[in-house]
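Student: I am new to this one and would like to know what the words used for it rest on. Could we go through them together?

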Amino acid sequence: MNVNQHTPMASPYGQPQPGYSQPGYAPLDGGYPAPYAPYNGPASAYQPGAPPQGPARGPPASGPPPVSAPQPYNQYSHSQGDMQNGPPTMTQAPPRPAASQPYNPGAMNLSGPHPSYPQHYGPPSTIQQVTNQMTGMQIASGPPTPAGPGYAPPHSSQPPVSTAYSAAPPPSYTQAIPPVSSAPTQPPPPSGPATSQQYYGGPPPSSQQPFNSSLPPTSQQQFTSSAPPPPSSQQTFPPTSYSGPVPPPSQAPAPPVSQSQQSFPPTQPPFSSAPPPVSQPAFLSGPPPPVQGSFPPRAPPPSSHQYPGPMPPQQQPPLSQPSPYHSGPPPPRAQMPPTSMPQSNHLPPGPQGPPGPPGPLQQPPPQPGMQGGYPPQQNGAFGQVRGPQPGYAGPYPGQPNYGAPAPAPAPAPPAQKRLDPDAIPSPQASDMPAVQKSRHRIDPDAIPSPIQVIEDDKAKSTEPFTTGVRGQAPPLVTTNFQVKDQGNASPRFIRCTAYNMPCTADMAKQSQVPLAAVIKPLATLPPDETPPYVVDHGEGGPIRCNRCKAYMCPYMQFIEGGRRFQCGFCSCVTEVPPHYFQHLDHTGKRVDCYDRPELSLGSYEFLATVDYCKNNKLPQPPAFVFLIDVSYNAVKSGMVSIVCQELKTLLDYLPRENPEMDSVVRVGFVTYNKVLHFYNVKSSLAQPQMLVVSDVSDMFVPLLDGFLVNVNESRLVIESLLDQIPEMFADTRETETVFGPVIQAGLEALKAADCAGKLFVFHTSLPIAEAPGKLKNREDKKLIGTDKEKSLFQPQVGFYNNLAKECVAQGCCVDLFLFPNQYVDVATLGVVPVSTGGSVYKYTYFQAQSDQERFLNDLRRDIQKPVGFDAVMRVRTSTGIRATDFYGSFFMSNTTDVELAGLDCDKAITVEFKHDDKLSEETGALMQCAMLYTSCSGQRRLRIHNMAVNCCSQLADLYRNCETDTIINFFSKYAFRGILNNPTKAVRDTLVNQCAQILACYRKNCASPSSAGQLILPECMKLLPVYLNCVLKSDVLLPGADVSLDDRAYLRQLISCMDVAETHVFFYPRLLPLMKLESGSLPVAVRDSEERLSKGGVYLLETGLHLFLWVGASAQQELLLNIFGTQSFSQIDPSMTSLPVLDNPFSQRLREIIDSFRAQRSRYMKLMVVKQEDRAELIFRHFLVEDKSASGGASYVDFLCHMHKEIRQLLS
Amino acid sequence: MATYQEFIQQNEDRDGVRFSWNLWPSSRLEATRLVAPVSCLFTPLKERPDLPPVQYEPVLCSRANCKAVLNPLCQVDFRAKIWACNFCFQRNPFPPSYAGISEVNQPAELMPQFSTIEYIVQRGPPTPLIFLYVVDTCLEEEDLQALKESLQMSLSLLPPNALVGLITFGRMVQVHELSCEGIAKSYVFRGTKDLSSKQIQEMLGLTKPAAPGQQGRPVAPQDAAASCRFLQPVHRVDMNLTDLLGELQRDPWPVPQGKRPLRSTGVALSVAVGLLEGTFPNTGARVMLFIGGPPTQGPGMVVGDELKTPIRSWHDIQKDNARHLKKATKYYEALANRSAVNGHSIDIYACALDQTGLLEMKCLSNLTGGHIVMGDSFNTSLFKQTFQRVFSKDYNGDFRMAFGGVLEVKTSRELKVCGAIGPCVSLHSKGSSVSENEMGIGGTSQWKVCSLNPSTTLGIYFEVVNQHNAPVPQGGRGAIQFVTQYQHSNTQRRIRVTTIARNWADAQSQIQHIESSFDQEAAAVLMARLGVFRAESEEGPDVLRWLDRQLIRLFMFHLRRSPFLQVFNNSPDESSYYRHHFVRQDLTQSLIMIQPILYSYSFYGPPEPVLLDSSSILPDRILLMDTFFQLVIYHGETIAQWRKAGYQEMAEYENFKQLLQAPLDDAQEILQTRFPMPRYIDTEHGGSQARFLLSKVNPSQTHNNLYAWGQETGAPILTDDVSLQVFMDHLKKLAVSSSA
């Protein structure tokens, strides 16, 4: 597929730039516009470069480029990192054949700009490229190509500039050069298989990708604009000689490379790229001269020595550059600044252009002869950029900058981002080289980059988000922002897939965009936001619409002087009760509007009256029952003693509403193996009493008084009990367990006490003992991939479904902690937790020593977190749409009421809406989520969340106001439920189809006409393919050979109640380079691809469930010393689960970061240290989701190609 | 020759046997004409302080289907060292150990005075006694406290090596583990679920996976003991158990208004039986059930938990309105039978003001030889002392209780055994001496009596099968041998053998003799037992009619009015209770039950027994009535006034004080020995409790026979019952009419 970019190149640049800023970008990126504008400037300058490509282009841009180019670059780099990214993409384009290069830029356009750009670029170049390269898509950013030419010049010019900028730069250059050479050398070794690729794909992709990727998303257009120059330069390069191009390569290197990635090999290249990272590490430490010293040794071959040397210098230069550019930014590690830094770095590479020669030298080795010319360019570029790999070099250089500010590896990505905003030129330079590589593949850097999007969003979200504006999409989940409730629920409570709903069912059907909301009713708010107010409407209960029973909310229109109100949902008019009457002001608003939360806020709570209670009786405070498996395995693994020990302290932290008061939650204890042991811990007893119930076939609670007790009153007895439990069962030989009766026991206990509550079940093994709910081992991997696969996700017996129903009726929520050593049939055991709003935690092969921390933290959090019980949730909507489907952990006995035995602050429910009539643009679409629940203090309440979105009659509006993360949340839940009833493959196909339809619909209806070969993505959904690919590759839908059925079932259940932030990081893990750490800000993440990893770096990867610390094989000693307290890579103990506490700022900061990550997630992430080329790396690689997965999942590039193909099919 | 009176007394003293006839009619025909069957009351473990047990095993007849024990009636050839069985005439050589016998050196069992002899058998390991307390916790606080104290006290009465267990129940059933330190453990069973013995044992963790190599070998009691945490030697768990009992709480489940507490007696018993079954089969054990109300849930439920539904009365039963009766009875019978098979007995101590379901549960004790004690509250001396008396000891310091008794009856050819009535179950041992004609529990010559005490008495009924045309030779004697094997309370296994013989008499020629050999008292009790036995299984009126057609004597008048046959004015539980005791007490006690004893105390002489008649109720008398179940002291009108006036406090009326004291002392004497403790009532003329007396006496004066009014000869009884006089008149008429 061709990503439109190419053609656009020429004309676009000139035009696009303006267009970008004006058309899509401005709207898209609030803040960007400004930066873009500047870019445009540069772009135009670049464009000059473009001219080389195409006459038409050339003229417009060319003029400006020469002159402005050099300066602009620098400036740009300073100003906008993102912009720089753009350029790289541009460069990508160049990599392709001269002709194709231009296209690449087009690719950039994909997202926002598409319409205009694509047109220009796309048609001509893209097609060619596409055809040439691979059927695959060439997502390469259009800009690069055009940029090529432009860039080249700039680069050349840049060098001087950079030098000029700072003293540092010069040194960097020299150094940089060597690095270039080193880069090539490195690439070869790692990517042995894809040597050729290495040159092209490998190096380029890595370096380019980062840039491109960052570019494409947000500022693609801009980039494209900027990009054009590089391509042009590239073009020139190819034809002429590398030397010539060389400089450009530095500019464009990375980007073009990405194109090359299109082809599968590119993925491999990443590996090659990996090596570069190695050099990067050098950077990290390297920034300073000493580093260099270290490099040599690390660097594979002698050549590498040189590289390393250069590498560091590069970094240095950047550093210095940054300072010059942004004096402010560099010092602070603010993401923005860093980005700029990289850019600056890139720039330096440009200057390094001269290094080009070395590049060529390198080229020979890596590249057979294919692209002899190109490689050199790249190399040159690389050299400048990265020490290790030519292509990467470009981007990496940026990293080096990071190095200074942040870890080296990361630099690349950040660089991209930064590039865009800061300075197009430099990036371009780096991109340029990539261009060459792009020939066969799409440049990974040219395709939309999640990192870029995330960073862009962060950049523009500086103001608190106010919810009052209907139809406004909130900042992304990855962005920190403050919310001001002005009548709609905070995005922390509700996120929608679309903030402009189609007015009609036809439109909705046509677009295929799912209409859904992810609701997290009890979400915890940051301390600076006010929790929902509690409103008491007195004995009569909350005031509601007579007809649809919607609760009083800001959408109710008061009429007749305030004596009546009209329901915003159903339009029914209802009398205002006398005690609630209030006069209206001249605008028709009640004068007390702002005194009443229910009239002015999006979220608030009502006190419920007895009418809202079960059996018309006010509820009792809830109770917690702890049910502990004491079979042989449980005792032996240490679980029993850990739980008992921990509970002693944990019981002081039961949830409470008033922190001053003791919790009113009562507790009870049960242990079990084949039989159950209840404990009487009544405060009057001297010793606890154990009551054994062996009649598991007909469970009952053997005692009433003394089972559920107040912790403070019975403290001594409880402590005595918890002390004795581990002793009592220390010698147990019982290996069989029951499970169904355990839950029944807890349920019966709550029934007997007539209260709601939560069961904490600590369980180890498949329940094979004779009892209701007995299971057999049905793990059969042969079924995977067959039509019977779905049965593996279905519960083995119907027993648990019925049990779940009973639990829900009683308000009995079940949290299950599993400690399996083998198959336990999570699919079946999880039924009750999932249906009751509980959680399943799984600690496979639990060992006290290594897993205790994770388990205990999970347990602590699980016990302490705010939770509501015995809840019923209903979503009411305006006439015209209807909530039709619900996804999450709950039970539904009818089609409208979501029943939750328990609901905690981490659980989200995804609600799908369908049209049943027309909506009007005037009124928009309203939804009100009302959840009736019992608080942890035993109070019955109604929590109301209101949400109003716009309605549109134009598809373009729909596509402009979507949220991809939420769509992915919906898709994943939809798919994960789908596999219960359909073959997994069918589910995957459905997803792909729907995604293709969404994008095709956009292309057909919203994008301006362009070549069919162009891939045009809506700005808001440009990440849809990459994220969707992650969903498709997940263990649930595409299991690897080593993924157990339990794991799949576990994940499936887990995801069903995740909110958007969790699914986002789960599907697209956060990968942070750790070469440089600053306090107060995080390093900018890099894309999840192996080629983004530098062998010399250390990275932190977080998925919300896992936390990896990846250590490159040639990570700097100083880095290792800082982190591990050892200088030797080989002395790092891969089994450690926590980092040593070292007294140095780096170690402190790193641990701070890790802690903060853990604090963000609902589950504790155990730290795994992964050493490069260690066996454990396989696991780690699994999370590099942009790469091809071991289980056969497509790489991002491949998938994008595939998606493009699908779209084209749909369009034709 | 001694009189029959003396002969009978002597026989009773020596052998614990009283026959209805002491000369037996020699043919079936004659025997049936006598109406009262040849039968006897047999007290297997009659206390014989003068009878030291012998330390060897009995010598048995070698004939497989005879196995009679060598006895004084056997013919012995001292030279050939051969003895002839007097039942089957088999000639048996003496065992080698008897080589030294001769006319002058005879073993004890050959001496006539040892017609009853006891052997100690050294077979198998001694098994400790087992006491399993099954305690209802649905009691009033006060009751529970009293019960707990009684139970704690009982621990001190048990021999140290006895095993004890504790099951408590209310809504749930808890089996307490006694061997644990720290946390008190118990196994809990739902009170509503009927569980099989196997399930119970599994749930209690008593079934061990068959160890390799041990398969097929039954688990020895020792193994079971080691593995059974629920039954532990008293000396080891004394403290634990005392604490446990001390901490015992009332059933915590709330009892809503208008409801009865949920009491799972059925399941509790089932668990108790299952527990013992699994751990100590065929070992002497007592399950002691303490209940404070009727079972209200689960199997064996007697009444629902709705208070508005009263517990069944005789009226309900007759109208077939007792919903749970049949089911519950069946359930408890099944339990009783299981328990009996394993030799475990079940006591019921029921203390409540209302009925507790004894009617349904009576078989538990009746079939296993257990006690039934009925009282108003556990906090009464009636219960406390009765319970204490369960553990009373004999002159050797051993418990007056024995376990796992098997009574076998062997008869000479002319006799066959029809059945037995008493606290026993049939062992279904069909032999040549078993009659087809069943009376009581028949069809067998062996019965199991799970628990025995020295007063346990069975009625055993025989049939003369000798045909009229095959007369027994002159001087022939019929013989009966009772062989009782049992586990003594000191854990020894013992065998007591009683061999008796009676002369045959030709009814035609020796009718006078036969007549004079009639033991009226024994016959009365025996007939009464038959009557009670029938009453248990048949409709009341039918039984009375049957009885009326049978032997009619004075006793029968009272019997007809007794609670054993009359259910009027008695709850089903009371009837069951009375009958239970009636069929197990010895002759003397039985007679008291049939015709209460009335003593009169006055200034006119020493205390004298008086007629149980309303005419005996005089103002200046103090009456002491012993009905076995009640002990009533009744002060006549005048005496009562004097007492009220306080004359007894005055020195000059010392004699009055003594008069008042005399019946008290006598009552005390009775109380000392009676088991169960009778209800002790001290009342006076016009007192509400006087009804106990008035209901018993012969209503010779009622409001109907006006002529008696105004006379100072007694107190009129307000009743429509016929008086003895009327009864007798009627009787005489019937006796002579041929239509009877």
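Tutor: Gladly! Contact means heavy atoms within 4.5 Å. By that rule, 19 residues of chain B are in contact with 25 residues of chain A. This is a predicted model, where local features need pLDDT of at least 70 and side-chain atom pairs count only at pLDDT 80 or more, while totals for chains, interfaces and linings use all residues. Residues are numbered from 1 along each chain as its sequence is written, chains are lettered from A and ligands numbered from 1 in the order in which they are written, and side-chain values use heavy atoms, with hydrogens and water left out.

Student: What makes Arg190(B) and Asp698(A) a salt bridge?

Tutor: A salt bridge needs a side-chain nitrogen of Lys or Arg within 4 Å of a carboxyl oxygen of Asp or Glu. The side chains of Arg190(B) and Asp698(A) are 3.6 Å apart, N to O, so the pair qualifies. Between chain B and chain A the count is two salt bridges.

Student: How much area do chain B and chain A bury between them?

Tutor: Buried area is the accessible area (1.4 Å probe) that two parts lose on being put together, summed over both. For chain B and chain A that comes to about 1,900 Å², with 60% of it on carbon and sulfur atoms. Ile183(B), Val188(B) and Arg190(B) supply 32% of the area that chain B buries against chain A, more than any other three residues.

Student: Which strand gives the largest share of the side of chain B that touches chain A?

Tutor: Strands are DSSP runs (E, at least two residues), numbered from the N terminus. The largest share is from β11(B), with seven residues.

Student: Now to chain A alone. How many salt bridges are there between domain 2 of chain A and domain 3 of chain A?

Tutor: Zero salt bridges are counted between domain 2 of chain A and domain 3 of chain A. The bounds, from an automatic or database domain assignment, are 963–1068 + 1192–1211 for domain 2 and 1069–1184 for domain 3. Still, 11 residues of domain 2 of chain A are in contact with 12 residues of domain 3 of chain A, and the two domains bury about 980 Å² between them.

Student: Which helix gives the most to the side of domain 2 of chain A that touches domain 3 of chain A?

Tutor: That is α48(A), with five residues; a helix here is a DSSP run of H or I, at least four residues long. The run of α48 of chain A is 1060–1067, so it passes that test.
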